[in-house]
Amino acid sequence: MSSSPAELVREFHRAFGLDARSTPTEVSPRLAAHRGELLAEEAAEVAEVSVSGPLDRLAHELADVVYVAYGTALVHGIDLDAVLAEIHRSNMTKLGPDGQVVRRADGKVLKGEHYETPDVSAVLRRQGWTPGGAA
Ligand SMILES: [Mg+2]
């Protein structure tokens with residue numbers, strides 16, 4: 001894929017006249033709710049096919065979730081790639097300097113003593129967000 005998900009989704013929003021912002025912004029409750037519903041619908045479709053498949057349907061629905069998530073970020077003016085990078089940075093600190101990984105019985109990686117929580121607020125502030133919506 002030559003374009004990033006963010007670029008593809010921006011192209012889609014531009015082509016269809018959908019909202020797109022370049023600075024993190026609180027949007028109207030109506031628009032925010034609409035975006036939340038779209039994402040919930042797609043997440044429900046993933047849940048529906050996660051076990052039963054088929055695999056191509058699962059792949060489709062997973063891509064829909066990512067697409068709608070990027071679209072929702074764009075509607076709110078959030079650079080989601082930067083937020084993802086921060087989440088990744090934080091997640092990698094779950095691995096201690098000793099290389100030890102602590103897992104729960106179901107396989108989920110647990111937070112070790114060197115874990116650093118993601119600072120998403122700082123990422124958004126670097127993108128121009130003013131917490132509290134003050135302009
Ligand atoms: Mg779908």
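This section describes a metal site and two pockets in a predicted model.

The magnesium ion is held by four side chains, with coordination from Glu42 (OE), Glu45 (OE), Glu61 (OE) and Asp64 (OD) at 2.1 to 2.2 Å. Along the sequence, these donor residues follow the spacing E-x2-E-x15-E-x2-D. Two of the donors, Glu45 in helix 2 and Asp64 in helix 3, link distant parts of the chain, being 19 residues apart. Glu45 has a relative accessible area of 24% and is therefore partly exposed. Asp64 is also partly exposed, with a relative accessible area of 21%.

The largest pocket encloses about 200 Å³ of space. Its lining comprises 13 residues, and those closest to the centre are Phe12, His13, Leu18, Arg35 and Leu38. At least two lining residues come from each of helix 1 (5–15), helix 2 (29–49) and helix 3 (55–75). By class, the lining of the largest pocket consists of eight nonpolar, three polar and two charged residues.

The second largest pocket holds about 160 Å³ of space. This pocket is lined by 13 residues, with Ala6, Arg10, Leu74, Ile78 and Asp79 nearest its centre. Helix 1, helix 3 and helix 4 (80–92) each contribute two or more residues to the lining of the second largest pocket. Seven residues of this lining are nonpolar, two are polar and four are charged.

Terms used. Residues are numbered from 1 along each chain as its sequence is written. This is a predicted model: local features need pLDDT of at least 70, side-chain atom pairs count only at pLDDT 80 or more; totals for chains, interfaces and linings use all residues. Side-chain values use heavy atoms; hydrogens and water are left out. On a 1 Å grid over the protein atoms alone, a cavity is a set of points where a 1.4 Å probe fits but cannot get out, and a pocket is an open set with protein on both sides within 12 Å along at least five of seven lines; lining residues have an atom within 4 Å of a point. Grid points are joined across faces, edges and corners, and a volume is the space filled by probe spheres set on the points. Helices (H or I, at least four residues) and strands (E, at least two) are DSSP runs, numbered from the N terminus. Ala, Val, Leu, Ile, Met, Phe, Trp, Tyr, Cys and Pro count as nonpolar, Asp, Glu, Lys and Arg as charged, and the others, Gly among them, as polar. Donors are N, O and S atoms within 2.8 Å of the metal (3.2 Å for Na, K and Ca); water is not among the atoms, so sites may look incomplete. Buried means under 20% relative accessible area, exposed over 50%, partly exposed in between (1.4 Å probe, protein chains only).
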